[in-house]
Amino acid sequence: MVLALEEASQKVRADSRRTDPASGLRDFIAQNLGRDDVRLLSCTRLEGGAVQENWRIVVSLGENTGSKDNTAAQTEYYVLRTSAKTCLPDSRPKAEEFALLRTAWNAGVLVPEPLWLCTTPEVIGADFFLCRDVPGTALGHQIMALNQPERGNPSLVEQLGQQLAKIHSIKALPADLSFLKPSGESPAENSVRHWRQELAELVETRTALEWGLQWCADHLPAPPEEPCLLHGDFRTGNYIVDPEAAPSGRLQAILDWEFVQWGDPMSDIGWFCAACWRFDRPDLEAGGVGTRAAFYRAYEQASGRQVNSESVRFWEVLAHVRWAVIACQQGQRFFEGGESSLDLGLTGRLRPAQIERHLLEMIAPEVPSKGETPWQISHPKLRRLNQRARRRTRLKRWKLKRLRVFSPARSRCFGMKSYPHLLPNSQKTGA
């Protein structure tokens, strides 16, 4: 109910002139609608939204029992989107995300209709925008339930390919998107450099991710012939499907435009096809809902652009590095940033190791015939990465010893259980 909005009152600044977010939101909607008969019926926190907060807002318009014409009430449904207590470094401000959503809407992309932007913190305590509520589900397991046993969901895959092609058709940078940085001569090289910096800022040392970034640096694809607008987070879980539409659901809207950038269109395809976004259908390489060939075919027919498989492979590998780094950052929001979401803590502890496994399966070198493992292969770059990881780990171990808290349990918490060669000799037997 409306009282749920009181949760947002914790964000209100100390000098804020308004202490009631519910009345502030009601007044904001009434002002934009140009009417004074607005009643706020309910406000419900939506599932998902690990980076942002999404609330379904229900308002009543025109209810006036005392009027002579006995005007009937009209119910409107909106979604309020605002930032969480802490955000990821690459997440865009609400004003920029609203401008991107409006650009996509004007280009004919299936998105929730953007309505109003508020950059006055006094209304609910933070910047936010409102858009139309779109019926359907965005939960991965519910979308997976629409799959056929072997073929997945060919109709949905075709719709997704067409919508991604429509996003990539935006090739001229509009004036209101001047905040987007040019992709440069090599978007791939810039991305590797960016995620190397993000990885270096993590508390933990992740050797597998460093190895993955080195692989990416050694396999840079050619720059795109024509850069375009990228969604940046085009995957299962970020679109709404109407499960009631026969026979296998209908695509309703593409969500979460906070990571949009300008660059290589193959990066969106690599992100969508990455193994980490297939949920419980790893055999369906296109987002867990269809075959890669079907998705490529729908995209190529709608865009007129040929999919470069080698380039997609590069971006798919980098997608695993990126998601693993983001998962670690999500964990830091829980353990260090003061977020109370258990989902963030579990993401930071469980996801990185799973993603690293997918990553190493994609880029693992061939195993020699005499029973050696990939970690025993004498590779100069791998040796350098291990030496760097050992130096970082020795420093962390020294700090932990000073606190007298180093133990096998602690080593697991710091992610070193996954790499026995990083543990002290006394603990290797139990690793």
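In this predicted model, Arg-132 and Glu-76 form a salt bridge whose closest N and O atoms are 2.9 Å apart. The two partners come from distant parts of the chain: Arg-132 belongs to strand β5 (residues 128-132) and Glu-76 to strand β3 (residues 74-83), with their positions 56 residues apart in sequence. Their surroundings can be told apart by accessibility. Arg-132 has a relative accessibility of 30% and therefore counts as partly exposed, whereas Glu-76, at 14%, falls under the 20% cut-off and so counts as buried.

This pair belongs to a wider set, as a search of the whole structure finds 21 salt bridges. Side chains of opposite charge can pair when their charged atoms come close. Another example joins Arg-92 to Glu-96, where the closest N and O atoms are 3.0 Å apart. Here the arginine is covered: with a relative accessibility of 18%, Arg-92 counts as buried.

A helical setting is found for Arg-357 and Glu-361, which form a salt bridge with a closest N and O separation of 3.3 Å. Both residues lie in helix α10 (residues 342-363), and because they are 4 residues apart there, about one helical turn separates them. Arg-357 and Glu-361 are both exposed. Beyond such pairs, a network of salt bridges links Arg-81, Lys-94, Glu-97, Asp-256 and Glu-258.

Asp-264 makes a useful counterpoint. This residue sits in the loop between β9 (261-263) and α7 (266-273). Asp-264 is buried but has no salt bridge, and the nearest side chain of opposite charge, that of Arg-305, is 7.0 Å away. The 4 Å limit for a salt bridge is therefore not met by Arg-305. What, then, lies 3.0 Å from a polar atom of the Asp-264 side chain? That position is taken by the backbone nitrogen of Met-266. Leaving aside residues up to four places away in sequence, Asp-264 touches Pro-187, Ala-222, Pro-224, Leu-230, Ser-311 and Trp-315.

Turning to the strands, β8 (residues 250-254) is mostly covered, with 4 of its 5 residues buried. Strand β7 (residues 239-242) pairs with β8 in the antiparallel sense, and 4 bridges connect the two. Within this pairing, Val-241 stands opposite Leu-251 of β8.

How values were computed:
Residues numbered from 1 in each chain as written. Predicted model: local features only at pLDDT ≥ 70, side-chain atom pairs only at ≥ 80, totals over all residues. Heavy atoms only, no water. Buried < 20%, exposed > 50% of the residue type's maximum accessible area, 1.4 Å probe, protein only. Lys, Arg positive; Asp, Glu negative; His and termini not counted. Polar contact = N/O pair within 3.5 Å; in protein donor to acceptor, adjacent residues only side chain to side chain. Contact = heavy atoms within 4.5 Å. Pairing = 2+ DSSP bridges.
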